[in-house]
Amino acid sequence: MVKLVLIRHGQSAWNLENRFTGWTDVPLSEQGIREAKEAGELLRKEGYTFDIAFSSVLQRANRTMDLALEALGETNLPKFYSWRLNERHYGALQGLNKAESAVKWGDEQVHIWRRSADVPPLSLTKEDERWPGNQEKYLDLVKKGEMTMEDMPLTECLIDTADRVKPYWDEKIAPELHAGKKVLIAAHGNSLRAIVMMLEHLTPEQIISVEIPTGSPLVYELDEKTLAVLDKYYLKDRA
């Protein structure tokens, strides 16, 4: 049996402002910093250690991982970052206030964009500064061969997010679990839901009702050979 721990990043500045964030690289709020530290302290209290950690390339997830590992006393383990673990890209909604968006497009339409598994929000154009292809962070990843210009979304639904997470899971994360490594992933609500969807073999209809709270370690106990789920729980419920 191997353990996988998932942590959704602590509250971000734009979570606090009720704005669609997506790939926008905003920092943690003060509450988010506390949540990340408390996650690490809980892991330490319960005797958790890790062999390897993964995160997205967005600072709110990176900072959550670093703060949790610092509280845990495990700052020197190997850490890997991938755009494939980024939050869902919210297209033309990114940066907009959710309540104001509901007034503009209607509650029902915004609810569909937010909660359906296969309906993406309004798309950006490639001239928009919010498109990753206009941002140095992602152009650098193209230069390094870690992604292509075609990989950069103009908008995404949850299924799109799951489709980009899966190759990274299959090629980078799952082999570490098969090798018996204790793995921590600090990422985002939708990229973590993509992992939950794969682990639990959920349908698109089932995954849309799954909510992952910020800063609360979610533990999966997995069969080392098959990665079948043996048990699942939030650590705070066992503490």
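# Exercises on pockets, fold and loop residues

The lining of the second largest pocket is made up, by class, of seven nonpolar, one polar and five charged residues. The structure in which this pocket occurs is a predicted model, and the exercises below work from that pocket outwards to the chain and then to single residues.

**Exercise 1.** Determine the volume of the second largest pocket and state which residues lie closest to its centre and which elements contribute to its lining.

*Solution.* Step one is the volume, which comes to about 210 Å³ for the second largest pocket. Step two concerns the lining, which consists of 13 residues, those closest to the centre being Tyr-81, Ser-82, Glu-146, Tyr-168 and Lys-172. Step three assigns the lining to secondary structure: strand E2 (52-55), strand E3 (79-81) and helix H7 (158-178) are the elements that give two or more residues to the second largest pocket. Among the contributors, H7 gives the most, with three residues.

**Exercise 2.** Carry out the corresponding analysis for the largest pocket, and describe the class composition of its lining.

*Solution.* The volume comes at the start, and for the largest pocket it is about 330 Å³. Of the 19 residues that line this pocket, Arg-8, Glu-87, Tyr-90, Lys-98 and Asn-190 are the closest to its centre. The elements that supply two or more lining residues to the largest pocket are helix H5 (107-115) and helix H8 (189-200), and H8 gives the most, with three residues. Sorting the lining of the largest pocket by class yields nine charged, six polar and four nonpolar residues.

**Exercise 3.** Decide how the radius of gyration of the chain relates to the globule rule, and add what the burial and contact statistics say about the chain.

*Solution.* One begins with the secondary structure, which comprises ten helices and six strands. The radius of gyration is 17 Å, close to the 18 Å that the globule rule gives for 239 residues, so the chain is as compact as a globular protein of that length. The C-alpha trace, taken along its principal axes, spans about 50 × 35 × 35 Å. As for burial, 51% of the 239 residues count as buried. Finally, among contacts in the chain with a separation of 6 or more, 72% are accounted for by residues 24 or more positions apart.

**Exercise 4.** Establish whether Thr-21 is buried or exposed, and trace its surroundings.

*Solution.* Thr-21 is placed in the loop between helix H1 (13-16) and helix H2 (30-45). Its relative accessibility is 7%, and because the cut-off for burial is under 20%, Thr-21 counts as buried. The next step is polar contacts: the side chain of Thr-21 reaches the backbone oxygen of Arg-19 at 3.3 Å. Leaving aside residues up to four places away in sequence, Thr-21 touches Ser-12, Trp-14, Asn-15, Val-26, Arg-60 and Gln-94.

**Exercise 5.** Follow the contact from Thr-21 to Gln-94, and characterise the environment of Gln-94.

*Solution.* Gln-94 is found in the loop between E3 and helix H4 (98-105). With a relative accessible area of 3%, Gln-94 is buried. When residues up to four places away in sequence are not counted, the residues that Gln-94 touches are Phe-20, Thr-21, Gly-22, Trp-23, Thr-24, Arg-88, His-89 and Arg-130. One of these partners, Thr-24, is also joined to Gln-94 through a side-chain to side-chain polar contact of 3.3 Å. By way of contrast in position, the C-alpha atoms of Gln-94 and Glu-41 are 33 Å apart, with their positions 53 residues apart in sequence.

**Exercise 6.** Which residues other than glycine have a positive phi of about or near 60 degrees, and how is each exposed or buried?

*Solution.* One such residue is Asn-18, which has a positive phi of about 60 degrees although it is not a glycine. Asn-18 is found in the loop between H1 and H2, and at 33% relative accessibility it counts as partly exposed. Another is Leu-227, whose phi is positive and near 60 degrees. Leu-227 lies in the loop between strand E5 (218-222) and strand E6 (229-234), and with a relative accessible area of 10% Leu-227 is buried.

**Exercise 7.** Relate Leu-227 to Glu-205 in sequence and in space, and classify the accessibility of Glu-205.

*Solution.* Glu-205 has its place in helix H9 (residues 204-207). The relative accessibility of Glu-205 is 60%, and because exposed means over 50%, Glu-205 counts as exposed. Along the chain Glu-205 and Leu-227 are 22 residues apart, and their C-alpha atoms are separated by 23 Å.

Technical notes
Residues are numbered from 1 along each chain as its sequence is written. This is a predicted model: local features need pLDDT of at least 70, side-chain atom pairs count only at pLDDT 80 or more; totals for chains, interfaces and linings use all residues. Side-chain values use heavy atoms; hydrogens and water are left out. On a 1 Å grid over the protein atoms alone, a cavity is a set of points where a 1.4 Å probe fits but cannot get out, and a pocket is an open set with protein on both sides within 12 Å along at least five of seven lines; lining residues have an atom within 4 Å of a point. Grid points are joined across faces, edges and corners, and a volume is the space filled by probe spheres set on the points. Helices (H or I, at least four residues) and strands (E, at least two) are DSSP runs, numbered from the N terminus. Ala, Val, Leu, Ile, Met, Phe, Trp, Tyr, Cys and Pro count as nonpolar, Asp, Glu, Lys and Arg as charged, and the others, Gly among them, as polar. Buried means under 20% relative accessible area, exposed over 50%, partly exposed in between (1.4 Å probe, protein chains only). A polar contact is a pair of N or O atoms within 3.5 Å; within protein, one must be able to donate a hydrogen and the other to accept it, and residues adjacent in sequence count only if both atoms are side-chain atoms. Contact means heavy atoms within 4.5 Å. The radius of gyration is taken over C-alpha atoms; the globule rule is 2.2 Å times the number of residues to the power 0.38.
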